[in-house]
Amino acid sequence: MKLNSLARFRRRRRLIKILLLAFAVFTGFLLAAEGRYAVMRLGDISVTPPGALPQHVVWGVLTTRQELFWPSLLSSKKEYEEIIENYYPADVKLKLRGWGKFRLEVKPLAPAYKVFWGGKYWYLSEEGKLWSSSLKENAMLKEHDAEKKPVLTWGTDRATPVDMGDLKGNVLSSSIPIKLIKSWYVMADELGWGRNVKFIQAGVKEGTPIVRVIFYTAGNKNGAQLLLPNEAEKWPETGLAVKKLYGGIENLPPDIYIDGTYKGKILIRNLRDEQKEQEKKETPPDNKGAAKKNN
C-alpha cells in the first residue's frame with residue numbers, strides 16, 4: 001500500500017511539473033508574440049449603427065491596460081458602458097465579436113417628456129434618465145414627441161428629482177415617478193384637455209402633493225388654471241364640473257383659477273381681481289393731501 005501511494009504521489013508531482021512547464025512555455029510564447037505581433041492588444045471596436053457615437057468617445061474612455069490587453073476590457077465592460085452612458089443619452093452594450101474585436105451597440109434614449117426644473121429645461125425618458133434639452137449630444141436622438149407635449153414643471157417644493165451627491169456626467173438618474181406623471185398626461189388627453197394644456201406643474205399645497213394644469217390663452221400666454229389632486233383618477237370629477245359650468249375647457253376665461261382639490265366641490269376665483277386687490281394693498285397711500293395740510 002505504501003509503495004502504491006508513493007508511486008501515485010510521484011506521478012502526480014511529475015504531472016504538475018509538466019503542466020507548469022507547459023504553462024511557462026505558453027506564457028513565454030504569448031509574451032514573445034505580443035512583443036512582436038501585439039496579439040493581446042485591442043484590435044477594433046465597431047459601432048452599431050455606424051456613426052452613432054464619435055470615435056474619440058469610443059476610444060477616448062479606454063484605459064491603457066484595456067488597449068494593451070483586450071481581456072481587461074472584456075472583464076470591465078460594465079464600467080466602460082457606464083462611462084459613455086453618463087455623458088451620452090443612450091443605452092450602450094459592448095459585445096465580444098472575435099479575438100480582440102468588439103461591437104458597441106448604441107440605442108439612443110427616447111425623450112418622453114420635457115421638464116422644467118432648476119431654471120432650465122430637461123428631457124426625461126421612460127427609463128428615468130434626465131438630461132439637458134440643450135445638450136449638443138442630443139443630435140444623436142431620433143425623432144420624438146416630447147416637444148409636442150405640455151411641459152412638465154417640477155416645483156421646488158417637491159422632492160429634488162436627482163441625487164445631487166451622485167452626479168457623474170450629463171445624463172442623470174431621476175427619481176421622478178414616471179408611472180404617476182404618465183397617468184396625468186393620459187388623463188388630460190382622456191378628458192379632452194391635451195391640446196389646450198401649456199404646463200402640467202407638480203407642486204405642493206399645504207403639505208399635500210397636487211397638480212396645477214395651466215392652459216393656453218391668446219398670444220401663447222398662461223391662461224386658466226386648474227388645481228387638481230395628485231391622483232389622476234380623481235380628475236374627472238373636476239372635469240365634469242367645468243364642463244357643466246363652461247361647456248368645455250376651451251371656454252374657460254383666461255383669468256379663472258379653479259381649485260378641484262376638495263372632495264365634492266370646487267372653488268372658483270378670478271385671478272385678475274386678486275391681482276388688483278394685491279396691487280392695491282402693496283401701493284403706498286397718496287401723500288399729497290398730507291403735504292398740503294402741513295403747509
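Two residues are in contact when heavy atoms lie within 4.5 Å. With that in hand, here are the legends for the views of this predicted model.

**View 1. The whole chain, by the numbers.** Counting contacts between residues with a separation of 6 or more, 51% link residues 24 or more positions apart. The protein has 295 residues, and 36% of them count as buried. Its secondary structure adds up to nine helices and 13 strands. As for the outside, the accessible surface is about 18900 Å², with 55% of that belonging to carbon and sulfur atoms.

**View 2. The open sheet of three strands.** Read across, the strand order here is 1-3-2, and the pairing is mixed. Strand 1 (44-48) and strand 2 (90-98) sit at the edges with a single partner strand each, so one side of each has no neighbour in the sheet. On average, neighbouring strands of this sheet are turned by 25 degrees against each other, ignoring direction. Zoom in on strand 1 and strand 3 (residues 101-108): they run parallel, joined by five bridges. To find your place along strand 3, look for Phe 102, which stands opposite Ile 45.

**View 3. Helix 5 and its Glu 81.** Helix 5 lies across strand 1, strand 2 and strand 3, and runs at about 145 degrees to strand 2. Glu 81 is part of this helix, which spans residues 77-87. Is Glu 81 buried or exposed? Its relative accessibility is 3%, and the cut-off for buried is under 20%, so Glu 81 counts as buried. Leaving out neighbours within four places in sequence, Glu 81 is in contact with Val 92, Lys 93 and Leu 94.

**View 4. The open sheet of ten strands.** This one also has mixed pairing, and its strands come in the order 8-6-5-4-7-9-10-11-12-13. Strand 8 (172-173) and strand 13 (267-270) are the edge strands, each pairing on one side only. Packed on the sheet is helix 6 (residues 178-190), which touches strand 4 (111-117), strand 5 (120-125), strand 7 (151-154), strand 9 (197-205) and strand 10 (208-217). The direction of helix 6 makes about 130 degrees with that of strand 7.

**View 5. Strand 11 beside strand 12.** Here's a closer look at one pair from the sheet of ten strands. Strand 11 (residues 221-229) and strand 12 (residues 256-259) run parallel, with three bridges joining them. Which residue of strand 12 is the bridge partner of Leu 227? That's Asp 259.

Methods: Residues are numbered from 1 along each chain as its sequence is written. This is a predicted model: local features need pLDDT of at least 70, side-chain atom pairs count only at pLDDT 80 or more; totals for chains, interfaces and linings use all residues. Side-chain values use heavy atoms; hydrogens and water are left out. Helices (H or I, at least four residues) and strands (E, at least two) are DSSP runs, numbered from the N terminus. Buried means under 20% relative accessible area, exposed over 50%, partly exposed in between (1.4 Å probe, protein chains only). Accessible areas come from the Shrake-Rupley method with a 1.4 Å probe; for residues, only the protein chains shown count as cover. Two strands pair if DSSP finds at least two bridges between them. Axes are lines fitted to C-alpha atoms, for helices over the stretch in contact, and angles run from 0 to 180 degrees between N-to-C directions.
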